[in-house]
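Please report on how the protein meets its nucleic acid partners and on one packed pair of helices. Keep it brief.

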Amino acid sequence: MPSFAVLELRAALLTWYSQSGRNLPWRQTCDPYAIWVSEIMLQQTQVKTVIPYFDRWMLQFPTIEAIAAADLQSVLKAWEGLGYYARARNLHRAAQDIVQQHDGIFPTELDAVLALPGIGRTTAGGILSAAFNQPLAILDGNVKRVLARLIALDVPIAKALPRLWKLSQDLVDPKHGRDFNQALMDLGATVCTPHNPACLVCPWQSHCQAYNLGTQSQIPMSETRAPVPHKQIGVAVIWNDRGQILIDRRKPEGLLGGLWEFPGGKVEAGETIEACIQREIQEELGITIAVGERLIVVNHTYTHFRVTLNVHHCRYLSGDPQTIACDEIRWVTLAELDQFPFPKANLQIIAALRQGEAQSSRAPLK
DNA sequence: CACTCGTGGAC
DNA sequence: TGTCCAAGAGT
């Protein structure tokens, strides 16, 4: 039996949502596939970033059958730039699972949804509540922050996940799972923000323990995180005498799995960039190159480390390229690079190559 | 369970 | 410039 406070919280939130909720593309439909795609794209990714990817995706892959039948490279190409590429690989694999095990129809049972790769408890609850109005709890970054403040949580969120899940499940309106969950996320995204929350317009102000204690800016408590290492990387743009460039496809798992790249590797202590590139290419591709002039230096930050890509033009000399540390190797022209999915840092290298080509065509070298 | 896994926005 | 953190999941 829900308490009076819970009934009040539900009513206040739903009223606020009807007036102040966001109008988002994936809220125009109850198609579980479209909602699923949006939920995966939105993992650790801001709404503004997702919208253009979502719109393009639904035109290119409008149904579960379409994505299941697509090849992984075109799926990764559509995901290019979004990051966390395991999401795209899992989405692709899950669509094939649904075709084989569920006759192509997105399952409505929570356990069946949770069994799909890439779908955890929050995403499952998000899909089933949005598509079928099921009253299932969610606990994403927004909801964690809102609920932590609601109860003035005095420990870091990571140490209170079971409590927060129970609270989310106790609060969700049994008749309005869809709107309640969407409202809770909107509240976190637009009112109960990480910095300077707009408590004066919050529908939960009078119930919020953090607000009543004046501690909303200190909750949730910050988690400690390790310092990020910085790596120097030597990268080779290897040209053959036909004007082609060598690229390789990374192994399917792990960092940037399945994407293409310009080969290279980590600079060891006391090693020059040129020596590093020569050594890495010999070790990983089994070919001998001559390292030439520098093309570009690219700084890039990942979640847990930072890299500096020191990119040099190189000339192929000898040897037959071997897939020692990668899945596939190709010689391609500059124009063909568009067809392959690359990590963001490598797109800067391609842009530099294009710029160099444009300049040399305006003022050809003698 | 702590760690891995991208990128961009906001400040 | 650095720091935090986004509709988290897999291991």
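The report below covers two DNA strands and then a helix pair.

This is a predicted model, in which local features need pLDDT of at least 70, side-chain atom pairs count only at pLDDT 80 or more, and totals for chains, interfaces and linings use all residues. Residues are numbered from 1 along each chain as its sequence is written, chains are lettered from A and ligands numbered from 1 in the order in which they are written, and side-chain values use heavy atoms, with hydrogens and water left out.

**DNA strand C**

There are 25 residues around DNA strand C. A residue is near a strand if one of its heavy atoms lies within 4 Å of it. Gln44, Gly118, Thr123, Asp140 and Arg145 come nearest. Of the strand C atoms that come within 4 Å of the protein, 65% are sugar and phosphate. The surface near strand C has 7 nonpolar, 10 polar and 8 charged residues. Here Ala, Val, Leu, Ile, Met, Phe, Trp, Tyr, Cys and Pro count as nonpolar, Asp, Glu, Lys and Arg as charged, and the others, Gly among them, as polar. Helices α8 (121-132), α9 (141-150) and α11 (177-190) each supply at least two residues of this surface. Helices are DSSP runs (H or I, at least four residues), numbered from the N terminus.

**DNA strand B**

Around DNA strand B there are 19 residues, of which Tyr85, Leu256, His300, Thr303 and Lys344 come nearest. Sugar or phosphate makes up 56% of the strand B atoms within 4 Å of the protein, and bases make up the rest. By class, the surface near strand B divides into 7 nonpolar, 10 polar and 2 charged residues.

**Polar contacts**

The table lists polar contacts with the DNA (pairs of N or O atoms within 3.5 Å).

| Protein atom | DNA atom | Distance |
|---|---|---|
| Gln44, polar backbone atom | strand C, phosphate oxygen | 2.7 Å |
| Gly141, backbone N or O atom | strand C, phosphate oxygen | 2.8 Å |
| Asn142, polar side-chain atom | strand C, phosphate oxygen | 2.9 Å |
| Gln44, polar backbone atom | strand B, base nitrogen | 3.1 Å |
| Leu82, backbone N or O atom | strand B, base nitrogen | 3.3 Å |
| Thr303, polar side-chain atom | strand B, base nitrogen | 2.4 Å |

**Helices α2 and α8**

How do α2 and α8 pack, and at what angle? Helix α2 (residues 32-41) and α8 pack at about 145 degrees, with axes 9 Å apart. Axes are lines fitted to C-alpha atoms over the stretch in contact, and angles run from 0 to 180 degrees between N-to-C directions. In α2, Pro32, Ile35, Trp36, Glu39 and Ile40 meet Thr123, Gly126, Ile127, Ala130, Ala131 and Phe132 of α8. Contact means heavy atoms within 4.5 Å. This contact has 8 nonpolar, 2 polar and 1 charged residues.

Terms used. A polar contact is a pair of N or O atoms within 3.5 Å; within protein, one must be able to donate a hydrogen and the other to accept it, and residues adjacent in sequence count only if both atoms are side-chain atoms.
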